[in-house]
Amino acid sequence: MNTTLCARLFISFFPNSLSLSFFPPKRCPNYIEPQNLTHVSEFFLLGLSDDPELQPLLFGLFLSLYLVAILGNLLIVLAVSSDSHLHTPMYFFLSHLSLADICFISTTVPKMIVDIQTHSRVISHGDCLTQMSFLILFGCMDGMLLTAMAYDRFVAICHPLHYPAIMHPRLCCFLVLVSFFISLLDSQLHNLIVLKLTCFKDVKIFNFFCDPSQLLRLACFDTLTNNIVMYFVGAISGFLPISGIFFSYYKIVSSILRAPSSSGKYRAFSTCGSHLSVVCLFYGTGIGVYLGSTLLPSPRKDVVASIMYAIVSPTLNPFIYSLRNRAIKRALWREKWKCWSVRAVRTDWKDAARCKVQACGHAAEPEQEDRLPVGVAIVSVPHSRHQGCLCNVEPQNQTGVSEFVLLGLTDDPELQPLLFGLFLSMYLVTVLGNLLIILAVSSDSHLHTPMYFFLSHLSLADIGFISTTIPKMIWDIHTHSRVIPYGGCLTQMSFFILFGCCDSVLLTMMAYDRFMAICHPLHYPVIMHPRLCSLLVLVSFLISLLDSQLHCLMISQLSFCTNVEIPHFFCDPPQLFKFACFEIPTNNILIYFIWAIFGGIPVSGILFSYYKIISSILRVPSSGGKYKAFSTCGSHLSVVCLFYGTSLGVYLSSAASHSPRNGAVASVVYTVFTPMLNPFIYSLRNRDIKRAMQRLLSRTV
């Protein structure tokens, strides 16, 4: 299965889910030795055919299709961006659909072309996961963008008078952003499921790319749980876009049928012709070929079926929109006329060639830049990773490390009962305190304001933040076992970064709320309305999810050497990077860049907000007014100083001491004390919270 499309996931896993529901699951036969995933460093892509005489033909065919798809979609993007007549929501979505199609086809075809050219069909485990992730990301994004385009047509036909007001540029950008984040979430859910596979019966994949369904078929254990999860994810992320398209066209057809004249009906429906053709091609080929491959199950037929929507659909989309759409054709002719007019003026061949490149959208660049480097990078990266290992240490791919050892805070057995009781008490106090904050805010109508709305979500994030590390440490102390599997380490790290980043972004939102309340009090109720608050919380979660998955993706690409012992009580990303057995500078640059973006921007937002707040407070004439205005920021400012101050302070001290154990002890300050103290800060320094808790306790008593 290709999973290029969220809806196709629903279709392709449906037969497997049925079979697993009624028949006992197939386990590894006795004569097949199960191979642990962590010992499978590479897979073999069997491709389309083993016939050596067909390889030159396949090479030329798919190279031509790839170049045509890239050139066609680039021309669509160029026409939309350069022609002011096409600066409308429909063509805005179309240009992003073309970009998604370029990335979609670039995840599979360049690798296949390079494999045919080099006679090598090997793909490493990390590159297989990367290819699968990007394939699902851009495939699902295609489906989401088609849904957004269907909504655009629905508003244009059913509500033409309100169309300019509804489909404004900010909404269009927001829909594209939501499409990307939903696709990213779907992609990483699949990535996480595949990472959980523990063994394989074989390493040969009957496809020309890493197909998740093939990996599940090769899994040497009961895949019922994974199939149920995949079925559920496909039902959610695939059914919703299809339902949106069907609902939009149901409303469109109903509205068109009410038009009095036949010419009016034709004119209204003609604006949907190209979009409807692409939708039928996109979903029809995916559903049709998989239904056919289900009736006649054959791995080779699945491969041929995958070509239909993995290659043919992105190639035909530009032709559909250019042949059936007059506006696109006119824009392309205008670009062509620009090129001819400049060529007629300049007689020199080099100047004319330069005109062609500049005026016609850099049409030569895809052939030069996208032919081999994409595939070459996929093939060469696994070998380059191992060059950083020391000569006396045997390098192992990340998949050669099945587990890590968390050394914890101390090895002294006499201190273990004390640590167990101490951290269990702090964990229970933290969870109880934050739950009381949430209960007080939700049950008291006086606290239904933006500031306390953000505070309740901050408490939720604190509960999730401390729950990713402390329960595991408590359990390790109780069972005298400090081993954590590779998948569990990645999962813990992902959730740790997710909730930690969510804390930071929510503190920034709360600083913005205080800035609006103090600096623009008259506009505060209008600006900070419930929809904006909910949107800010959603954006905080999606930004944190992106940060978390970027770290997870980088860690999954690492290669580790033997004896991986982490001098910490949880999987800390800096510790994992220290144990990576390859050249570190590139990853360090990426990590610093991510921290600069996801850490620097929230800190800058908080500093800017408080700069404006202090400037506004200083202009207040009376000292009483200054105190009253600044007192509303006291609790938030205390939490900000605690959160960022402890993080910065402990890492500066651990960097100065160069002791891993000191770093682990220092981490306790911001992983445990900060979430534990936040409820006390807000309850002791905030009268509204204290009154709400008193009312809650009196009501309970």
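## Cavities

A cavity, as the word is used here, is a set of grid points where a 1.4 Å probe fits but cannot get out, and its lining residues are those with an atom within 4 Å of a point. Bear in mind that this is a predicted model. Counting cavities of 30 Å³ or more gives four.

## The largest one

The largest cavity takes up about 130 Å³. Its lining is made up of Leu406, Gly408, Leu409, Thr410, Gln416, Leu419, Phe423, Met473, Asp476, Ile477, Arg482 and Phe569. Helices α17 and α19 (470–479) each put in at least two of those residues.

It's a mixed lining: seven residues are nonpolar, three are polar and two are charged.

## The runner-up

Next comes the second largest cavity, with about 40 Å³ of space. Around it sit Phe174, Leu177, Val178, Phe181, Leu535, Leu538, Val539 and Leu542. Here α7 (169–195) and α22 (530–556) are the elements that each bring at least two lining residues.

No mix this time: the lining has eight nonpolar residues, with no polar and no charged ones.

## Out on the surface

Over on the surface, Val429, Phe673, Leu677, Phe680 and Leu684 make a nonpolar patch of about 420 Å². Helix α28 (residues 660–684) gives the largest share, with four residues.

Val429 belongs to helix α17 (residues 416–443), the helix that also helps line the largest cavity. Val429 counts as partly exposed because its relative accessibility is 34%, which falls between the 20% and 50% cut-offs.

Definitions and conventions
Residues are numbered from 1 along each chain as its sequence is written. This is a predicted model: local features need pLDDT of at least 70, side-chain atom pairs count only at pLDDT 80 or more; totals for chains, interfaces and linings use all residues. Side-chain values use heavy atoms; hydrogens and water are left out. Patches are made of residues with over 30% relative accessible area and no salt bridge: like charges are joined within 9 Å, nonpolar side chains (Val, Leu, Ile, Met, Phe, Trp, Tyr) within 5 Å. Accessible areas come from the Shrake-Rupley method with a 1.4 Å probe; for residues, only the protein chains shown count as cover. A salt bridge is a side-chain nitrogen of Lys or Arg within 4 Å of a carboxyl oxygen of Asp or Glu. Buried means under 20% relative accessible area, exposed over 50%, partly exposed in between (1.4 Å probe, protein chains only). On a 1 Å grid over the protein atoms alone, a cavity is a set of points where a 1.4 Å probe fits but cannot get out, and a pocket is an open set with protein on both sides within 12 Å along at least five of seven lines; lining residues have an atom within 4 Å of a point. Grid points are joined across faces, edges and corners, and a volume is the space filled by probe spheres set on the points. Ala, Val, Leu, Ile, Met, Phe, Trp, Tyr, Cys and Pro count as nonpolar, Asp, Glu, Lys and Arg as charged, and the others, Gly among them, as polar.
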